[in-house]
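The following exercises ask the reader to work from coordinates to structural description. Each task is followed by a solution set out in steps.

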Amino acid sequence: MENGKYLNKLILTVKFLEELNMLPANANLTQTEFRLIREIVVEREAGNQIISSEIARRLNITRSAVSQLVTKLEKRGIVKRMASPTDRKIFYVVLTESSLAVFKRQCDEVNELINRVVEEFGQDKIDRLIELSEAFAALFNKLRKESGRENNSLRK
């Protein structure tokens, strides 16, 4: 296969994987909302809180997008903004108690769906897919960094 075909196939594959929605069709949350709440839960379980700029960084979306999501989730009673006791400019995004149960139920539904995929696709294939994906990404990033260094040295 010529290089251009690999480029196109990789672009389409990455796009497909990015758009893959692991939530059940009847989910109460969008995938982005689910990921946002998951970041809050991860920090909560570690005994920490999280600010919107950190959520934006982790989700690779703008702070404005996070702000809009938080406002939407606040209106639904899922999250709330809580002022920092030490810095008036900082607001933490925290879950309401009732939303934690909804999130956990959503996680159970996602895990059930994933388990069905593993059963039908096969655990060996899933393990191999993950292993190959990780190896491919590591190699790609390594070569990309090396290529960047080569290009920078040519500019000098």
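The exercises below concern a predicted model.

**Exercise 1. The sheet**

Determine the strand order of the open sheet and state which strands stand at its edges.

Solution.
- Step 1. Take the pairing of β1 first: β1 and β3 (residues 91–95) are antiparallel and share 2 bridges. Within this pairing, I51 has Y92 as its bridge partner.
- Step 2. Turn to β2, which pairs with β3 over 5 bridges, again in the antiparallel sense. Here A83 is bridged to F91 of β3.
- Step 3. Combining the pairings gives an open sheet of 3 strands in the order β1-β3-β2.
- Step 4. β1 (50–51) and β2 (79–83) each have a single partner strand, so they are the edges, and one side of each is left without a neighbour in the sheet.
- Step 5. For β3, consider burial: 4 of its 5 residues are buried, so β3 is largely enclosed by the rest of the structure.

**Exercise 2. The nonpolar core and helix α3**

Identify the core residues that touch the most other members, and establish how the buried residues of α3 are arranged around its axis.

Solution.
- Step 1. The largest nonpolar core has 22 residues, and those touching the most other members are L36, I37, I40, I55, V79 and L95.
- Step 2. Two or more residues come from each of α2, α3 (52–59), α4 (63–75), β3 and α5 (97–121). The largest share, 5 residues, is that of α2.
- Step 3. As general background, nonpolar side chains in soluble globular proteins tend to be buried together.
- Step 4. In α3, the buried residues are I55, A56 and L59. They lie on the same side of α3, because their arc around the axis is only 100 degrees.
- Step 5. The cover over these buried residues includes α2, β1, α4 and β3. For I55 in particular, the contacts beyond four places in sequence are L36, I40, I50, V66 and V93.

**Exercise 3. Two polar or charged residues**

Classify E43 and N60 as buried or exposed, and describe the setting of each.

Solution.
- Step 1. E43 belongs to helix α2 (residues 31–45). Its relative accessibility is 13%; the cut-off for burial is under 20%, so E43 counts as buried.
- Step 2. Apart from neighbours within four places in sequence, E43 contacts N48, Q49, I50 and R58.
- Step 3. N60 lies in the loop between α3 and α4. With a relative accessible area of 70%, N60 is exposed.
- Step 4. The backbone of N60 merits a check: its phi is near 60 degrees, a positive value in a residue other than glycine.

**Exercise 4. Aromatic rings**

Characterise the ring pair formed by F136 and F140, and find which charged residue sits over the ring of F121.

Solution.
- Step 1. A search of the whole structure yields 2 aromatic pairs. One of them joins F136 and F140, with 5.7 Å centre to centre and 35 degrees between the planes, and is classed as tilted.
- Step 2. Both residues lie in helix α6 (residues 123–155), 4 residues apart, or about one turn of the helix. In general, residues three or four places apart in an α-helix point the same way, because there are 3.6 residues a turn.
- Step 3. F136, at 43% relative accessibility, is partly exposed. F140, at 46%, is also partly exposed.
- Step 4. The charged end over the ring of F121 is that of K125, at 5.2 Å from the ring centre.

Methods:
Residues numbered from 1 in each chain as written. Predicted model: local features only at pLDDT ≥ 70, side-chain atom pairs only at ≥ 80, totals over all residues. Heavy atoms only, no water. Pairing = 2+ DSSP bridges. Buried < 20%, exposed > 50% of the residue type's maximum accessible area, 1.4 Å probe, protein only. Contact = heavy atoms within 4.5 Å. Core = buried A, V, L, I, M, F, W, Y, C linked by side-chain atoms within 4.5 Å. Arc of directions from axis to C-beta. Phe/Tyr/Trp six-rings, centres within 6.5 Å; stacked < 30°, edge-to-face > 60°. Lys NZ or Arg CZ within 6 Å of the ring centre and 35° of its normal.
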